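Student: I would like to understand how the labels given to a structure follow from its computed values. Could we go through some of them together?

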Amino acid sequence: MSTIKTITAAELHQQLEKGEHLFILDVRNEEDFNDWKIEGKNVQFLNIPYYNFLEEDESIYIDIPSDKEVIVVCAKGGASEFIVETLESRNFKASHLEGGMLSWSQFYYPVVVKDEDVKVIQLNRPAKGCLSYMVISEGKALVVDPARHVDEYVKIAAAEGVTIEHIVDSHLHADHLTGGPELAKQTGANYYIHSSEAPNVEYIALDQTNSIQVGNTNVKVVPVETPGHTPGSVSFQIGDKYIMTGDTVFVGGLGRPDLGGKAAEWAQTLYDTVFQTISQMPDNILVLPSHYAAQDEINEQGVVAEKLGVIRNNNEIMRNGDRKSFTDAVAASANTVKPPNFEEIVSLNRGGKPVDPDKATELEIGPNRCAVHHGA
Amino acid sequence: MEFQALVDAKGLACPMPVVKAKKGIEGLETGEILLLETTDRGSLKDFQGWVKRTNHELLKVEEHEGFFRFYVKKGE
């Protein structure tokens, strides 16, 4: 049907970015919708599963606006196309998201954090709230926490005219599949991770690495051990300017320590990290995390980043030096919903037998759930 | 399990398994059983939602090598 109007994930993102008032009709089943959906500031949602449109029931059309375009979204783009046809026959204006939530989950966009002596690019995967980075200096690049769609990094490197020489994973991820070893294979770059993450792939141990030079001799990325979210969590410091914190410190709070099944023990470690390591870092250093959970964590430049001093100010738990109340609060996050399929993802990221792209997509589907959100 | 109608939706993607099941069940009497065969893993939750909405009853789900069998009893 050539008349069916489509919108791509990139176009949809552009509209969301501009803050346009969008009406999204999500036709997946209620459970999938409640679990995970497109996020945006001025978005109005309506969830009517596509199969409800099969019955002759006029009442389901009542809440669909007839004066503005409706963007129909489903899992893979099939049902949404079907519903657009139904809506158009009733004179609604509708378009559908090409490829559905599947293509949304594979959409990435780069934002330049700063372009000075060292250029830092943040690659944002909005469907998962995943962030990765490219640190560029004099024709060389270091990639932090690449996702499995490794072409995205190869494309940026080509556009920037740089060679990827180093790839670092801040920790063994539990919510998405790493692209680290694959990107290293494709580019010939070194792959680094902390040995406490027990990886079963070829790697250089971050715990044995003092610093990684990127291009210019003055550009050094220093691995700082920040265990807690996982035992081998590492942050990457570039001078007094940037700290890439992985899943340890987010704009909105701290990483949860329970995904290894040892919440109480890892919470103690996280306490030491926050009050012995992070506390030594300057207020002005810019925190660049590997995840975000809410739209308000994106700043006016479109970057998910915040000065450490501001994050400390907003999170009483990072200032209050009482070990017990800290570990109690953090361990309580262990009761919240865990990322879907996290055990299988962890085992794959550790170097398990690779899965085909369909299976990988299925495992990664859903929102990110790695943060502890502290109200106080 | 006995059934009165078979809908083969193997190889078809969403929304076709549910659309075909809906058409198939229209030809049945209340209490009769439709068997749907599908390779679309994602259709299970949708199928459960559709059955609930339409007062049919999902009697049984079987997972076979590479495909699923859903037995649905037509409701009032």
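**Cysteines, backbone and exposure**

Tutor: Let us begin with a pair of cysteines in this predicted model: the cysteine sulfur closest to that of Cys74(A) belongs to Cys14(B) and is 5.6 Å away, which is too far for a bond.

Student: How do you know that the distance is too far for a bond?

Tutor: A disulfide requires two cysteine sulfur atoms within 2.5 Å, and the sulfur of Cys74(A) is 5.6 Å from that of Cys14(B), so the two are not bonded. By this rule, the count over all chains is zero disulfides.

Student: Why is Cys74(A) called buried?

Tutor: Buried means under 20% relative accessible area, and because Cys74(A) has 1%, the label applies. Cys130(A), with a relative accessible area of 5%, is therefore buried by that cut-off too.

Student: What makes Asn91(A) exposed?

Tutor: The label exposed needs a value over 50%, and Asn91(A) has 69%, so the label fits. Asn91(A) is located in the loop between helix H3 and strand S5 of chain A, and its phi is near 70 degrees, a positive value in a residue that is not glycine.

Student: Why is Ala198(A) called partly exposed?

Tutor: Partly exposed covers the range between the 20% and 50% cut-offs, and Ala198(A), at 42%, therefore receives that label. In the loop between strands S11 and S12 of chain A, Ala198(A) has a positive phi of about 50 degrees, although it is not a glycine.

Terms used:
Residues are numbered from 1 along each chain as its sequence is written. Chains are lettered from A and ligands numbered from 1 in the order in which they are written. This is a predicted model: local features need pLDDT of at least 70, side-chain atom pairs count only at pLDDT 80 or more; totals for chains, interfaces and linings use all residues. Side-chain values use heavy atoms; hydrogens and water are left out. Helices (H or I, at least four residues) and strands (E, at least two) are DSSP runs, numbered from the N terminus. Buried means under 20% relative accessible area, exposed over 50%, partly exposed in between (1.4 Å probe, protein chains only).
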